[in-house]
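Got your viewer open and a selection box ready? Let's take a walk through this one, stop by stop.

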Amino acid sequence: MKHLLERLGNLNGALSLHLESLSLAESSAKYAPNNEKVQWELSFGHQHVADCYLRLEKNEEARDYASQCIEIRQSLANRDHENSQLHAKLLHNLKTLALACERQQDLEAALQAYRQIIQVSKEFKSHTGKDRFQKASRSAYANSEQLLMGIPKQVSP
């Protein structure tokens with residue numbers, strides 16, 4: 001139902017349902033903080049809420065939920081270096097974070113997120129030998145370069 005509402009353009013309705021689902025996932029996570037499947041589901045709750053907020057152009061909220069999702073997914077990725085789906089979803093939220101930061105004109109935070117995308121891509125390749133996230137890495141590099149060109153130079157006193 002949540003995704004149907006999103007497709008129909010009812011983002012506020014979808015957001016409300018995503019927040020309700022997230023609340024249920026958080027309740028489950030309290031009772032099973034070390035269960036990777038429960039943490040994985042919790043990360044999706046944060047991801048969906050962050051994506052809705054981003055589409056609604058509520059960038060501060062998108063940033064908060066994306067950051068929470070990244071924290072969970074980074075922890076899971078540190079335990080499973082070869083899970084491409086997990087890394088792909090981590091990259092998705094790093095991009096969400098970067099976009100929200102850019103929209104808020106927090107270019108340093110956006111750069112940090114893009115650099116993290118590049119780092120996660122490199123780490124996945126070093127662990128698996130697969131260059132699965134080359135496109136994401138190139139895109140993050142290009143976005144970083146564009147931001148660097150737009151950041152005013154610091155003048156030393």
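Start with Leu-94. Leaving out residues up to four places away in sequence, Leu-94 touches Ile-70, Ala-113, Gln-116, Ile-117 and Val-120. Keep in mind as you click around that this is a predicted model.

Now, why begin there? The largest nonpolar core has 42 residues, and Leu-94 and Tyr-114 touch the most other members. Colour the helices that give two or more residues to this core: α2 (11–31), α3 (36–55), α4 (59–79), α5 (84–103), α6 (107–128) and α7 (134–150). The largest share, 10 residues, comes from α6. As a bit of background, nonpolar side chains tend to be buried together in soluble globular proteins.

**Zoom out**

Switch to cartoon view for a moment. You should count seven helices and zero strands, and from the N terminus on the elements run α-α-α-α-α-α-α. Of the 157 residues, 43% count as buried. If you look at contacts between residues at least 6 apart in sequence, 59% join residues at least 24 apart. Turn on the surface too: the accessible area comes to about 9400 Å², and 49% of that belongs to carbon and sulfur atoms.

**Select α3**

Begin just ahead of the helix, at Asn-35. Asn-35 caps the N-terminal end of α3, with a side-chain oxygen 2.9 Å from the backbone nitrogen of Lys-37. Next, try the distance tool on the end C-alpha atoms of α3: they are 28 Å apart, which agrees with the 28 Å that its 20 residues should span at 1.5 Å a residue. This helix is mostly covered, with 16 of its 20 residues buried.

While you're in α3, pick Gln-47. Is Gln-47 buried or exposed? Its relative accessible area is 5%, so Gln-47 is buried. Show what surrounds it: beyond its neighbours within four places in sequence, Gln-47 is in contact with Cys-69, Arg-73, Lys-89, His-92 and Asn-93.

**Hop across to α4**

Follow that contact to Cys-69, which lies in helix α4. Cys-69 has 0% relative accessibility, so it counts as buried. Setting aside neighbours within four places in sequence, Cys-69 is in contact with Ser-43, His-46, Gln-47 and Asn-93. Draw a distance from Cys-69 to Ser-43: they are 26 residues apart along the chain, yet their C-alpha atoms are separated by 4.9 Å.

Now light up the whole of α4. It has 21 residues and reaches 30 Å from its first C-alpha to its last, close to the 30 Å expected at 1.5 Å a residue. Its buried residues are Asn-59, Ala-62, Arg-63, Tyr-65, Ala-66, Cys-69, Ile-70, Ile-72, Arg-73, Gln-74, Leu-76 and Ala-77. What do they pack against? The buried residues of α4 pack against α2, α3, α5 and α6. For a feel for the spacing along that list, remember that an α-helix has 3.6 residues a turn, so residues three or four places apart point the same way.

Stay in α4 and pick Arg-63. With the buried cut-off at under 20% relative accessible area, Arg-63 makes the list because its relative accessibility is 18%. Not counting residues up to four places away in sequence, Arg-63 touches Leu-97, Ala-100, Cys-101, Gln-104, Asp-106 and Ala-109.

**Two loops to check**

Most residues other than glycine have a negative phi. Keep that in mind for the next two picks.

- Glu-57 comes just after α3 and takes a positive phi of about 60°. It is found in the loop between α3 and α4, and it is exposed, with a relative accessible area of 60%.
- Gln-105 has a phi near 65°, a positive value in a residue other than glycine. Its place is in the loop between α5 and α6, and it is exposed, with a relative accessible area of 60%.

**Last stop: rings**

Finish by showing the aromatic side chains. How many aromatic pairs does a search of the whole structure find? There are three aromatic pairs. One of them joins Phe-124 and Phe-133 in an edge-to-face arrangement, 5.0 Å centre to centre with 65° between the planes. Phe-124 counts as buried at 2% relative accessibility, and Phe-133 is buried too, with a relative accessible area of 6%.

Conventions. Residues are numbered from 1 along each chain as its sequence is written. This is a predicted model: local features need pLDDT of at least 70, side-chain atom pairs count only at pLDDT 80 or more; totals for chains, interfaces and linings use all residues. Side-chain values use heavy atoms; hydrogens and water are left out. A nonpolar core is a set of buried Ala, Val, Leu, Ile, Met, Phe, Trp, Tyr and Cys residues joined through side-chain atoms within 4.5 Å. Buried means under 20% relative accessible area, exposed over 50%, partly exposed in between (1.4 Å probe, protein chains only). Helices (H or I, at least four residues) and strands (E, at least two) are DSSP runs, numbered from the N terminus. Contact means heavy atoms within 4.5 Å. The expected span of a helix is 1.5 Å times one less than its number of residues. Accessible areas come from the Shrake-Rupley method with a 1.4 Å probe; for residues, only the protein chains shown count as cover. A polar contact is a pair of N or O atoms within 3.5 Å; within protein, one must be able to donate a hydrogen and the other to accept it, and residues adjacent in sequence count only if both atoms are side-chain atoms. Rings of Phe, Tyr and Trp (its six-membered ring) pair if their centres lie within 6.5 Å; planes under 30 degrees apart count as stacked, over 60 as edge-to-face and the rest as tilted.
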